[in-house]
Amino acid sequence: MSTTIRANKVAAVRRVLSEAALGLAVERGWDNVRVEDIAARAGMSTRSFNNYFRSKNEALYAADLDRSAAIREQLRARPADEPLTQAVINAMLAAFLAWDNLDRDLVTKVRLAVATSPLGGEYLKAHAARETALAEGIAERLGMELHDDIYPRLLATMVVNAVRVAVEFWVDSSRATSLSDAIRDTLERIAAGLPAPPAGR
């Protein structure tokens with residue numbers, strides 16, 4: 001089996017387990033979900049679950065961690081002549097496109113289900129991974145190393161946090177708009193006030 005096929009298979013199984021964890025969190029509340037429950041919902045054994053995740057918390061945020069790599073690849077795939085900020089916006093939208101199928105009520109229930117659970121560490125890990133992946137993609141596009149200039153990290157931090165705010169606003173808003181439109185609007189507002197990339201890049 002080739003490396004690519006193996007990686008795709010692993011990603012697919014991780015996604016199934018993560019979706020099972022998400023569904024159970026909504027139904028029962030996260031504190032009432034066990035690893036055994038997630039494995040059973042996904043149609044596999046607890047031992048198989050442990051081949052992909054070290055904990056139930058890690059499984060819940062797997063989609064976020066996997067999306068981080070997708071963001072970097074999406075940015076890498078943008079046309080070379082596309083302005084940086086527009087390329088970043090389009091890369092983020094492409095990575096989050098599947099979220100347009102999310103229902104506000106479902107997201108609200110998920111937030112409530114995990115609100116009182118000790119998930120802070122996994123959330124921070126997913127958040128940091130997304131910032132790092134985007135910063136690496138920006139640095140690569142600018143032809144620099146991450147330690148050469150603070151710009152890639154600064155831009156990545158602004159964008160990732162802007163997306164978080166956009167998602168929260170969309171969930172709480174009664175406006176009839178898609179999540180991708182909310183993200184686009186938020187990022188375009190940020191982009192309007194961003195300085196140009198470092199000179200000569």
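This report looks at the nonpolar cores and one pocket of a predicted model.

## The largest core

Let's start with the inside of the protein. The largest nonpolar core is made of 34 residues. If you want to find it in the structure, look for the residues with the most contacts inside it: Val 88, Met 92, Leu 134, Ile 138, Leu 155, Ile 183 and Leu 187. Five names are worth knowing for where the core comes from: α5 (62-76), α6 (84-96), α8 (120-142), α9 (151-172) and α10 (179-192) each give two or more residues to it. Out of these, α9 gives the most, with 11 residues.

Met 92 is a handy residue to click on. Setting aside its neighbours within four places in sequence, Met 92 is in contact with Ile 71, Leu 134, Val 159, Val 163 and Leu 187.

## A second core

There's also a separate core, this one with 17 residues. Among its members are Ala 25, Ala 42, Phe 49 and Ala 62.

## The second largest pocket

Now for a pocket, the second largest one. It holds about 210 Å³ of space, and 13 residues line it. To spot its centre, pick out Phe 169, Arg 175, Ala 182, Asp 185 and Thr 186, the lining residues that lie nearest to it.

Which helices show up in the lining with at least two residues each? They are α9 and α10, and α10 supplies the largest share, 5 residues. As for chemistry, the lining is a mix: 5 of its residues are nonpolar, 3 are polar and 5 are charged.

Terms used: Residues are numbered from 1 along each chain as its sequence is written. This is a predicted model: local features need pLDDT of at least 70, side-chain atom pairs count only at pLDDT 80 or more; totals for chains, interfaces and linings use all residues. Side-chain values use heavy atoms; hydrogens and water are left out. A nonpolar core is a set of buried Ala, Val, Leu, Ile, Met, Phe, Trp, Tyr and Cys residues joined through side-chain atoms within 4.5 Å. Buried means under 20% relative accessible area, exposed over 50%, partly exposed in between (1.4 Å probe, protein chains only). Helices (H or I, at least four residues) and strands (E, at least two) are DSSP runs, numbered from the N terminus. Contact means heavy atoms within 4.5 Å. On a 1 Å grid over the protein atoms alone, a cavity is a set of points where a 1.4 Å probe fits but cannot get out, and a pocket is an open set with protein on both sides within 12 Å along at least five of seven lines; lining residues have an atom within 4 Å of a point. Grid points are joined across faces, edges and corners, and a volume is the space filled by probe spheres set on the points. Ala, Val, Leu, Ile, Met, Phe, Trp, Tyr, Cys and Pro count as nonpolar, Asp, Glu, Lys and Arg as charged, and the others, Gly among them, as polar.
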